[in-house]
Amino acid sequence: MIRLSGVTKTFPVHRKSGLIRRTRSLVTAVDGMTFEVERGEFVGYLGPNGAGKSTTIKMLTGILTASGGEIRVAGLDPSRRRKELARRIGVVFGQRTTLWWDLPLGDSFALIRHLYKVDQKRFAGRLDELTELLELAPFLQTPVRQLSLGQRMRGDLTAALLHSPELLVLDEPTIGLDVVSKAAVREFLARINAEEGTTILLTTHDLGDIERLCRRVMVIDHGRLTFDGALEELRATASADRILIVDLASPGPLAPPTGTRLIRREGPRVWLAVPADVSAASAVAEVAGAHDVRDIALREPDIEDVVTRLYQGSPVQA
Ligand SMILES: Nc1ncnc2c1ncn2[C@@H]1O[C@H](COP(=O)(O)OP(=O)(O)OP(=O)(O)O)[C@@H](O)[C@H]1O
């Protein structure tokens, strides 16, 4: 569905180098990117600010032309066949809307139907389906500017899916949403991926989105892929520390067991980092043997720990 081969994107930038003089240089936003996404996959695209995520998405959708390499989306070269591609993909940018600000939501959809030349009967059926799934009925007559962020996002998702695209590209679709709206959007995305087989590429800083939805994760940094694999693999490969939480019977000194590090203490509670190559069982035994312990718990690294570690510059390869 998506194929990138050695794709590069550079931007010319001008910097002031004196009072009047300006020097021109090149910023490499995407640096020799190669990956494939198969039909029906749900892939998370992660990376710190400025990593090159939006630039990749803009090239995939034909908004930007690559400086080098080859891109195919649904078999098409996006920058040359942008219009044709637009009929086969849906795109949602969480930070801005594709809907008409002053029009009622329903009128925006009618315009979109026109733009994509969707057959009237098919459109009506599809709109009914999406209206029900996303519970849009109560505000179809409301102008877009009066919608809440969550309602607007549901509207944007509908707009992107009215022409039943094979591929949905999402850039931060849950940004700023409250817990309930976020859950509704996630449930909806999982459903259209599972039931309609829509391929989804999801860019997000919200790791909850990734954990809930993506079987495969790609991590990009400085324009290059630093990881491409299953979420579980990412967790294992990044080998973030596990955390041992020890409640002592009374506050007092504690010697960290071999190979562990003391990271925090609050009264009788102590937090120890246990690296992946240190046995948690022997750390527990060592603490329990040397101290009067009331309770002890081991916390596996969560996805936040893993990604923080990854972004801090320990590249991992699947
Ligand atoms: N039009 C442009 N002109 C010059 N530099 C650009 C342009 N667009 C992006 N860049 C640079 O390219 C790099 C990648 O930017 P990009 O927006 O793709 O990152 P991102 O991963 O989407 O970041 P964020 O998570 O902050 O949205 C950054 O260094 C950015 O400053």
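This section describes the domain division, the ligand shell and two helix packings of a predicted model.

The chain of the predicted model is partitioned into two parts by an automatic or database assignment. Domain 1 is assembled from residues 2-88 together with 165-236, whereas domain 2 covers 241-300. A distance of 40 Å separates the C-alpha centres of domain 1 and domain 2.

The ligand is surrounded by Phe11, Val13, Val27, Ala29, Gly47, Asn49, Gly50, Ala51, Gly52, Lys53, Ser54 and Thr55. Three elements, β1 (2-16), β2 (22-37) and α1 (53-60), each contribute at least two residues to this shell. The greatest contribution to the shell comes from α1, with three residues. In terms of residue class, five members of the shell are nonpolar, six are polar and one is charged.

Helix packing was examined next, beginning with the pair α5 and α6. Helix α5 spans residues 149-161 and helix α6 spans residues 179-196; the two pack at an angle of about 15 degrees, and their axes lie 10 Å apart. Because angles under 35 degrees count as roughly parallel, α5 and α6 are assigned to that category. Their crossing is right-handed. On the α5 side, the contact is formed by Gly150, Met153, Leu157 and Leu161, which meet Ser181, Val185, Phe188 and Ile192 of α6. The contact of α5 with α6 comprises six nonpolar and two polar residues, with no charged residues.

Helix α5 also packs with helix α3, which comprises residues 105-115. For α3 and α5, the packing angle is about 20 degrees and the axes are 10 Å apart. Helix α3 is therefore roughly parallel to α5. The crossing of α3 and α5 is right-handed. Here, Leu105, Ser108, Phe109 and Ile112 of α3 meet Gly155, Thr158 and Ala159 of α5. Classification of the residues in the contact of α3 with α5 gives four nonpolar, three polar and no charged residues.

Note on methods:
Residues are numbered from 1 along each chain as its sequence is written. This is a predicted model: local features need pLDDT of at least 70, side-chain atom pairs count only at pLDDT 80 or more; totals for chains, interfaces and linings use all residues. A residue is near a molecule or strand if its C-beta atom, placed from the backbone, lies within 6 Å of it. Helices (H or I, at least four residues) and strands (E, at least two) are DSSP runs, numbered from the N terminus. Ala, Val, Leu, Ile, Met, Phe, Trp, Tyr, Cys and Pro count as nonpolar, Asp, Glu, Lys and Arg as charged, and the others, Gly among them, as polar. Axes are lines fitted to C-alpha atoms, for helices over the stretch in contact, and angles run from 0 to 180 degrees between N-to-C directions. Angles under 35 degrees count as roughly parallel, over 145 as roughly antiparallel, 65 to 115 as roughly perpendicular and the rest as oblique. A crossing is left-handed if the near helix is turned anticlockwise from the far one by less than a right angle, and right-handed if clockwise. Two residues are in contact if their C-beta atoms, placed from the backbone, lie within 7 Å.
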